[in-house]
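Student: I would like to go through this model with you and ask how each label is earned. Could we take the labels one at a time?

Tutor: Gladly, here it is.

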Amino acid sequence: MSMNTKLRKAMSEACKDFGLTEKALDELCESGSKGLSETSTDEEIKKATDLLVPFAKMMQGEITRKTSKSKFEEEKAAL
């Protein structure tokens, strides 16, 4: 299994409840794979995953904020 596949699998598991799109996870993995290689250990991949999870949480928070704001504006316009 390639390093990118391992990292993507680890990120999918770590962020499964965040509601992020496949594209968002792919972009996080692309950024997080810098410094890793095909010879990276599972421990190094786990460390990269742990470093990326806070960014995934921030992305989720921003998506939630924008969604909530849009719903509020739609309800306000309907009044």
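Student: Why is Glu13 called exposed?

Tutor: This is a predicted model, and the label rests on a computed area. Glu13 has a relative accessible area of 52%. Exposed means over 50%, so Glu13 is exposed.

Student: Glu13 and Lys16 are said to meet in a salt bridge. What makes the pair count as one?

Tutor: The N to O distance between the side chains of Glu13 and Lys16 is 4.0 Å. The cut-off is within 4 Å, and the pair is accepted as a salt bridge. Lys16 is exposed as well, with a relative accessible area of 56%.

Student: How many salt bridges are there by this rule?

Tutor: The count comes to six. One of them joins Lys6 and Asp42, with the closest N and O atoms 3.5 Å apart. This pair links distant parts of the chain: Lys6 lies in helix α1 (residues 3-14) and Asp42 in helix α3, 36 residues apart.

Student: Why is Lys6 called partly exposed, and why does Asp42 count as exposed?

Tutor: Lys6 has a relative accessible area of 28%. Partly exposed covers the range between the 20% and 50% cut-offs, so Lys6 belongs there. Asp42 is at 54% relative accessibility, and the exposed class is over 50%, so Asp42 counts as exposed.

Student: How do you know that Glu22 and Arg8 form a salt bridge?

Tutor: Their side chains meet at 2.3 Å, N to O, and the rule asks for a distance within 4 Å. Here too the pair links distant parts of the chain, with Glu22 in helix α2 and Arg8 in helix α1, 14 residues apart. Glu22 is exposed at 53% relative accessibility, whereas Arg8 is buried with a relative accessible area of 16%. Buried means under 20%, so Arg8 earns that label.

Student: Which residues are linked with Arg8 in a network of salt bridges?

Tutor: Glu22 and Asp26 are linked with Arg8 in that network.

Student: What makes the buried residues of helix α2 lie on the same side?

Tutor: In helix α2 (residues 22-32), the buried residues are Ala24, Leu25, Leu28, Cys29 and Gly32. They cover an arc of only 135 degrees around the axis, so they fall on the same side of α2. As general background, an α-helix has 3.6 residues a turn, so residues three or four places apart point the same way. The face of α2 turned away from the buried side carries the exposed residues Glu22, Lys23 and Glu30.

Student: Why do Cys15 and Cys29 not form a bond?

Tutor: The sulfur of Cys15 is 8.2 Å from the closest cysteine sulfur, in Cys29. A disulfide needs the sulfur atoms within 2.5 Å, so the two are too far for a bond. A search of the whole structure finds zero disulfides.

Student: Are Cys15 and Cys29 buried or exposed?

Tutor: Cys15 is buried, with a relative accessible area of 4%. Cys29 is at 7% relative accessibility, and the buried class is under 20%, so Cys29 counts as buried.

Student: One last label: why is Ile63 called partly exposed?

Tutor: Its relative accessible area is 43%, between the 20% and 50% cut-offs, so Ile63 is partly exposed. Ile63 sits in helix α3 (residues 42-78). The C-alpha atoms of Ile63 and Leu20 are separated by 8.8 Å, although these residues are 43 residues apart along the chain.

Definitions and conventions. Residues numbered from 1 in each chain as written. Predicted model: local features only at pLDDT ≥ 70, side-chain atom pairs only at ≥ 80, totals over all residues. Heavy atoms only, no water. Helix = DSSP H or I, 4+ residues; strand = E, 2+ residues; numbered from the N terminus. Buried < 20%, exposed > 50% of the residue type's maximum accessible area, 1.4 Å probe, protein only. Arc of directions from axis to C-beta.
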